[in-house]
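Good morning, and thank you for the time on the agenda. I would like to take you through one structure, beginning with a single residue and working outwards.

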Amino acid sequence: MKRTLLKILICFLLVTMLSACVLGTPTPDATPTQTVSPIPTIEPTPVPTVIPTPTPPPDKVVEVEERFVVSQRLYDYFGYDTVILTIENVTDKAYDLKIKGNYLSSDGKIIKTDEYYMYGFAPNSVNYCMFCPYIDYDDFEFVISSTEYTGEVLFNYVHRAQYAKSWIRENGNRFGERVELKNTSQKHIDKAIEVEVEAILWQTNPRALKIVAHCAIFDSNGNLVKIDMNPIFWNVGGSDKDYGNNEARPGSMTWISGTDNIEYKKHCTCLIGIMKVEYFTGYGN
């Protein structure tokens, strides 16, 4: 009887052990991990950057008197054809130039003629001359005649920037604060009442100079937006004090414009053609 009870006890223990191995030790439920969806990457809207348009190739290139290489380029200026000549003196001498431009009809007849002069055009240098007749014509031709210049070549002292500085004027009046356009925020632009664009030159002669010039300003899209056939830069630079000019200040021609197409006015360029350079002896002289 004892043996029978012992066998029964042993069998019960074996069954209990096998049940524990099969079921295993229960573990607490794990805290479920929250599934996080990836945030989609949003690309910022690109802001268009206006890059100055490269200078287009000339319409015509000719050689004159074996002294000058002349490139001709036609531009639209408020509906009128305007011609800009780039003139290179390829000699080692200075010259006075007479530049005659004829505006022709379709049958070759001269409608109008303009004449301009360059005095003391320096050797191995480049200059510009502009023809803007404000009339309709079909063709253009030019004639250049020259004589050797023997005076002091003040042309060599004059330096011209090809960029133009652009400013906006704010605070609601012509005498308000001026901020350079390339450094402005939208807040400045919203308050702007006008844009000023300056074509700049300077000189390195100890005496102040008077400079008569032609000047053209282009927006950063390459469009001709301002032309002045006879700006005069008075009392430019020099360290002499005869006329109260104590510093080498530059000369500038300013184009005042509205705030339309303001992005294209941030990076304006300019061409300045020097017609005459002489010593400054007072305003009006």
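Please look first at isoleucine 217. Leaving aside residues up to four places away in sequence, isoleucine 217 touches Val197, Ala199, Asn223, Leu224, Val225, Lys226, Met253, Trp255, Cys268, Thr269 and Cys270. I should say at once that this is a predicted model, and I shall return to the question of confidence at the end.

Isoleucine 217 also belongs to a wider group. The largest nonpolar core has 63 residues, and isoleucine 217 is among those with the most contacts inside it, together with Ile87, Leu97, Ile99, Phe131 and Ile211. Which strand gives this core its largest share? It is strand S11, residues 209-218, with 8 residues.

Two of the contacts of isoleucine 217 are cysteines, Cys268 and Cys270, which brings me to disulfides. How many does a search of the whole structure find? The result is 0. Cysteine 215 has its closest cysteine sulfur in cysteine 270, but the two sulfurs are 5.6 Å apart, which is too far for a bond. For cysteine 268, the nearest cysteine sulfur is again that of cysteine 270, at 9.1 Å, and cysteine 268 is in no disulfide. Both side chains are shielded: cysteine 215 is buried, with a relative accessibility of 0%, and cysteine 268 is buried at 2%.

Let me turn to charged pairs. The count of salt bridges comes to 8, and I shall describe three of them.

The first pair I have chosen is glutamate 278 with lysine 210, whose closest N and O atoms are 3.4 Å apart. Glutamate 278 sits in strand S15, residues 269-279, and lysine 210 in strand S11, so this salt bridge links distant parts of the chain, 68 residues apart. Are these two partners buried or partly exposed? Glutamate 278 is partly exposed at 25% relative accessibility, whereas lysine 210 is buried at 10%. Shared partners also join Lys210, Lys276 and Glu278 into one network of salt bridges.

Next comes lysine 93 with glutamate 148, where the closest N and O atoms are 3.9 Å apart. Lysine 93 lies in the loop between strand S3 (80-89) and strand S4 (95-104), and glutamate 148 lies in strand S7, residues 139-148; the pair thus links distant parts of the chain, 55 residues apart. Lysine 93 is partly exposed at 37%, and glutamate 148 is partly exposed at 47%.

The remaining pair is lysine 98 with glutamate 115, at 3.8 Å between the closest N and O atoms. Because lysine 98 is in strand S4 and glutamate 115 in strand S5, residues 110-121, the salt bridge ties together parts that are 17 residues apart in sequence. Lysine 98 is partly exposed at 30%, as is glutamate 115 at 35%.

Finally, confidence. The mean pLDDT of the protein is 80, and 74% of its residues reach 70 or more. Where is confidence highest, and where lowest? It is highest in S4, at 98, and lowest in helix H1, residues 2-23, at a mean of 49. Residues 20-28 have pLDDT below 50, and this stretch has 0 contacts in the model beyond near neighbours in sequence. Residues 30-54 are also below 50, with 11 such contacts. Where pLDDT is low, the predicted coordinates should not be read in detail.

Thank you; I welcome your questions.

Definitions and conventions. Residues numbered from 1 in each chain as written. Heavy atoms only, no water. Disulfide = S-S within 2.5 Å. Buried < 20%, exposed > 50% of the residue type's maximum accessible area, 1.4 Å probe, protein only. Core = buried A, V, L, I, M, F, W, Y, C linked by side-chain atoms within 4.5 Å. Helix = DSSP H or I, 4+ residues; strand = E, 2+ residues; numbered from the N terminus. Contact = heavy atoms within 4.5 Å. Salt bridge = Lys/Arg side-chain N within 4 Å of Asp/Glu carboxyl O. pLDDT = per-residue confidence, 0-100.
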